[in-house]
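User: Could you take a close look at one part of this model for me? I'd like to know about the open space on the protein and the helices that go with it.

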Amino acid sequence: MDLANLQTFITIAEQQSFSLAGERLHVTQPAISKRIASLEDQLGVRLFDRIGREIRLTEAGQALLPRAYRIVNELEDARRALNNLHGTVSGNLSLATSHHIGLRRLPPLLRAFTKQYPEVMLDIRFLDSEVAYTDILHGRCELAIITLSPHCEAPLKAVKVWQDDLDFVVALDHPLAQRKHIRLVDLCAYPAVFPGSHTFTRKIALQLFDQAGLTPEISMSTNYMETIKMMVSIGLAWSVLPHSMLDESVVRLPISDASLSRDLGYIVHTERTLSNAAQAFMQMLNHAE
């Protein structure tokens, strides 16, 4: 069975589109269609239903997908294990990271890593932390540096690198901006903008309110911290932001009955072989400040 055909099948299933799969694999759409036709001929089954512009896995396709992941990942593990025998730190290293960490925590580490290991080619993908968990699970990248989930289950392993303190913030002209004593309940009287509904940061913040028996008035949500900061700074709502992002455009609120933080770090798949490059990057993360 041709590995390229299997990888193409996986990519179409993930993208739910032949054209998007072609863009991701840098292959023309006719070549994508040819690969899938060849795989279907080999297996004697139809793998996708094409209904108008929609692409859906058939029952056979759904049965093949987890096995295709397993085959591709085992071959990648074998390739990395053989490359590791040389003892050199080289080759490709696929990293996933959140936008916040990638922009504010990783630059000095990336600079030091590329200087120390110039033969490593980095493939860096900016993803939501929650998406990165799935990418590690399915073998789409070796290492993810992200906001850690409060609960990480096998076969994934999470390692904390930084504690990221979060502050409650408002615009300079917000009614709460000049108050010196504020409680969580006071925040609930005003609209809030929160990270997206599936983000770990939102779950951590909501847990704080749940423990106090309170429900914040969430009027808007977005996954990007920079966007949240902009919305807060123009007076649309209050929110929580990493302390490292605070500047003169927002005001930190002195909440007397609560404090908030999240763990940042990296995750790996414990049942997969890591390249020498991934192990070297992990060592650098383990000594990061």
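Analyst: Here is a walk through the two largest pockets, followed by two of the helices. Keep in mind that this is a predicted model.

Let's start with the largest pocket, which holds about 770 Å³ of space. Its lining is made up of 29 residues, and the closest to the centre are Glu76, Ser94, Arg125, Gly139 and Arg140. Several elements give two or more residues to that lining: H1, H2, helix H4 (59-84), S3 and S4. The biggest share comes from H4, with six residues. By class, the lining of the largest pocket splits into 10 charged, 10 polar and nine nonpolar residues.

H2 deserves a closer look, as one of the elements in that lining. This helix covers residues 18-25, and Phe18, Ala21 and Gly22 are buried in it. Those three span an arc of only 100° around the axis, so they sit on the same side of H2. The general rule behind this kind of pattern is that an α-helix has 3.6 residues a turn, so residues three or four places apart point the same way. As for what covers the buried residues of H2, the list includes helix H1 (3-15), helix H3 (29-43), strand S1 (48-51) and strand S2 (54-57). Right after H2 comes His26, with a positive phi near 60°.

S3 and S4, also in the lining of the largest pocket, turn up again at helix H6. Strand S3 (91-97) and strand S4 (120-126) are among the elements that cover the buried residues of H6, along with strand S6 (156-170) and helix H11 (276-286). H6 itself runs over residues 107-116, and its buried residues include Leu109, Leu110 and Phe113. Looking down the axis, the buried residues of H6 fall within an arc of 95°, so they line one face of the helix. Turn to the face pointing away from that buried side and you find Arg111 and Lys115, both exposed.

Now for the second largest pocket, with about 290 Å³ of space. Here 19 residues form the lining, and Ser98, His99, His100, Asn223 and Met225 are the closest to the centre. The elements giving two or more residues are helix H5 (99-104), helix H7 (129-137), helix H9 (200-211) and helix H10 (225-233). H5 gives the most, with four residues. The classes in this lining come out as eight polar, six nonpolar and five charged residues.

Notes
Residues numbered from 1 in each chain as written. Predicted model: local features only at pLDDT ≥ 70, side-chain atom pairs only at ≥ 80, totals over all residues. Heavy atoms only, no water. Buried < 20%, exposed > 50% of the residue type's maximum accessible area, 1.4 Å probe, protein only. Arc of directions from axis to C-beta. Contact = heavy atoms within 4.5 Å. 1 Å grid on protein atoms, 1.4 Å probe; cavity = no way out; pocket = protein on both sides within 12 Å on 5 of 7 lines; lining within 4 Å. Points joined across faces, edges and corners; volume = space filled by probe spheres on them. Nonpolar A, V, L, I, M, F, W, Y, C, P; charged D, E, K, R; others polar.
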